[in-house]
Amino acid sequence: MKHYARRLKVQDNINTDYVISGRYKFKIQDPKELAKYIFQDIDPEFAARVTKGDVLVAGENFGCGSSREQAPQALKQAGFYAVAAKSFARIFYRNAFNIGLLLVECDTDFIDDGDEIELDIEKGKLKDKAKGLVFDIKPVPSVMKKLLEDGGVVEHFKKYGGFKFD
Amino acid sequence: MGKTIAEKILSNHAGRDLRSGDIAICDVDFCFGQDGTSSIIIDSFNKLGIKKVFDRSKFYMIIDHSAPSPNIGVSEIHKKMRTFAKTFDVGMYDIGCGVCHQLVPQKGHVTCGDLVLGADSHTCTYGAINVFSTGVGSTDLAITLASGKNWFRVPETIKVTVNGKLPKGVYSKDVILHIAKDIGSNGATYKAVEFYGDAISVMSVDARLTISNMAVEIGAKVGLMEADEKVLKWVKERSPKTPKPVTADPNAKYSASKVYDVSKLVPQVAKPHAVDNVSDVTELSDVKINQAYVGTCTNGRLEDLEIAAKILKGKAIHPDVKFIVAPASKEIFLEAAKKGLIEIFVKSGCTVVAAGCGPCVGTHNGVLADGEVAISTANRNFKGRMGNPNSFIYLASPATVAASALTGKISDPREHKKKL
């Protein structure tokens, strides 16, 4: 599957209220339905532009604020294959891998909306095919890789009857 | 090399020696969810296929974010939580009991040296009573509910020292807003913060909880303080658990150190739409307000209500201002009533709502109209936080909020300093 960049207008400090507002998360239980309302308060047209396999592109401190797991869940349900940002807030970081959404930390300044993206986690590279640029990804911790391989923390736990990281 | 408080508490709960950067599985002493996160906790727990919770005395659910329920969707979530609590025989604080971050320490569920997880980002609050407490998502919490454990990356620690005598009209909220301005909203991401200094030592436990509550607003995992006599007395009065106070070693390794002198600090205000977008109150005297709010896990405690009441006593709020007060717990509500504070609020024109999160999360109890401006004692002023992306939220101390409600614009509480 080909992956294309979807770059947010606002790049830094995107909090989880912005990913999915409290107005919707208390009202709508179905994650697929919730996915229609992502970034409503900062870029109301954004959700309609997302297609399956896209990579969300953001700046520093993505996912700060509230611990709501609806944030990564709504991004996953919207069709995102991964989020690429310069840095992530910690609760969001855990939540995303726990539900099987890949996050990569790298320089995102030069990635434009619509650029075709290739991700190689093993080699630690993000390639912007439109620009012919290759960026180093900060190594994904082995714990996170394991959770992702197993399809999230619930599947990991069921598979091993507990945590198994070595 | 010595160890930080975070390194020691996590080591104690992993049963082995840990240093920052290590990843370990730890035993968790207490965990909880609220009505914004418990629905997914229940779903994830059910997906695990485990038939009982690890220890029914170590888990609570709290209905505080939208309580009483404003709509059918929320009512269904509340019903689901009540059914789960009955089925698994676990504890629950229903509507009107208060905010989770007030109830967890006040009801004695945690004590010094504990390791606590909450499915709410402001779980870092109990760092003020020497608890390593941090927020996680719902599925993380479900894992702990099933197993009593979770995995932790031991954080590096930033040492923050706050010295100097706070001037009249300046409070712990002003201190943490000042620190947020300096460190920035991601300055402590993935890290623990330890707070020291004579300005902290003289503060009440209530005031310290305000500071640790906002540690997450600079990205921190937890905002820890040492357990002095005041803290030990506070927890012993509330919790049957034996405190296990943890101090940092003198030669502990910190990733950074910051020292602040607050003896000349003026009241601080965070402007829309970021917590670290902070100015002195004196720079904002032209800003008109439509709504004032005293409450939340940051500033809804008795001391906060007392400060606001002192300023409001015998006066009427500005006719263009709606003023909402939400005590942080039922016990605080009752105490405030006994002390005559509720009467002061109501007589001055405030609307006192149920103990809980009030309008902070934007689901009920005072949603703003387009273009409206609120000044609030909460911890977040993100765009849309109070329910409308076309409104504006300023954050300040209870004193600044009360002073502003009287004039209808952002006002300096030091003008009332004879009363404070």
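In this predicted model, a good place to start is chain B, where strand E3 (residues 59-62) and E4(B) pair in the parallel sense over three bridges. From there the tour takes in the rest of that sheet, a helix crossing and a covered helix in chain B, and then a sheet in chain A.

**The parallel sheet of chain B**

- Within the E3(B) and E4(B) pairing, Tyr60(B) has Gly91(B) of E4(B) as its bridge partner.
- These strands belong to an open sheet of five strands, which runs in the order E4-E3-E2-E5-E6 in chain B with parallel pairing.
- At the edges stand strand E4 (91-93) and strand E6 (132-135) of chain B; each has a single partner strand, so one side of each is left without a neighbour in the sheet.
- On average, and with direction ignored, neighbouring strands of this chain B sheet are turned by 20 degrees against each other.

**Two crossing helices in chain B**

- To describe packed helices, one uses the angle between their axes and the distance between the axes.
- For helix H2 (residues 38-48) and helix H5 (residues 138-147) of chain B, the axes come within 8 Å and cross at roughly 50 degrees.
- Why are H2(B) and H5(B) called oblique to each other? Angles from 65 to 115 degrees count as roughly perpendicular and those under 35 as roughly parallel, and the crossing at roughly 50 degrees fits neither range, so H2(B) and H5(B) are oblique to each other.
- The crossing in which H2(B) passes H5(B) is right-handed.
- On the H2(B) side, the contact is made by Ile40(B), Ile41(B), Ser44(B), Phe45(B) and Leu48(B). H5(B) contributes Ser138(B), Thr139(B), Leu141(B), Ala142(B), Leu145(B) and Ala146(B).
- Sorted by class, this contact of H2(B) with H5(B) has eight nonpolar and three polar residues, and no charged ones.

**A covered helix in chain B**

- How many of the ten residues of helix H14 (residues 398-407) of chain B are buried? Nine are, and H14(B) is accordingly described as mostly covered.
- The buried residues are Pro398(B), Ala399(B), Thr400(B), Val401(B), Ala402(B), Ala403(B), Ser404(B), Ala405(B) and Leu406(B).
- What do the buried residues of H14(B) pack against? Their partners in chain B are strand E12 (268-270), strand E14 (291-294), helix H10 (296-299), helix H11 (302-312), strand E15 (322-325) and strand E17 (373-376).
- Just after H14(B) comes Gly408(B), with a positive phi of about 85 degrees.

**The mixed sheet of chain A**

- Chain A has an open sheet of seven strands in the order E4-E3-E2-E1-E5-E6-E7, and here the pairing is mixed.
- Its edge strands are strand E4 (102-105) and strand E7 (133-136) of chain A, each of which pairs on one side only.
- Neighbouring strands of the chain A sheet are turned by 30 degrees against each other on average, with direction ignored.
- Strand E3 (residues 82-85) of chain A pairs with E4(A) in the parallel sense over four bridges. Val83(A) has Leu103(A) in E4(A) as its bridge partner.
- Strand E1 (residues 3-7) and strand E5 (residues 116-120) of chain A pair in the antiparallel sense over two bridges. In this pairing, Tyr4(A) stands opposite Glu116(A) in E5(A).
- E5(A) also runs antiparallel to strand E6 (residues 125-128) of chain A, joined to it by four bridges. Leu119(A) has Leu126(A) in E6(A) as its bridge partner.
- E5(A) and E6(A) form a hairpin with four residues between them, and Gly124(A) in the turn has a positive phi of about 70 degrees.

Definitions and conventions
Residues numbered from 1 in each chain as written. Chains lettered and ligands numbered in written order. Predicted model: local features only at pLDDT ≥ 70, side-chain atom pairs only at ≥ 80, totals over all residues. Axes fitted to C-alpha atoms, helices over the stretch in contact; angles between N-to-C directions. Parallel < 35°, antiparallel > 145°, perpendicular 65-115°, else oblique. Left-handed = near helix turned anticlockwise from the far one by under 90°. Contact = placed C-beta atoms within 7 Å. Nonpolar A, V, L, I, M, F, W, Y, C, P; charged D, E, K, R; others polar. Pairing = 2+ DSSP bridges. Buried ≥ 20, exposed ≤ 12 C-beta atoms within 10 Å, placed from the backbone.
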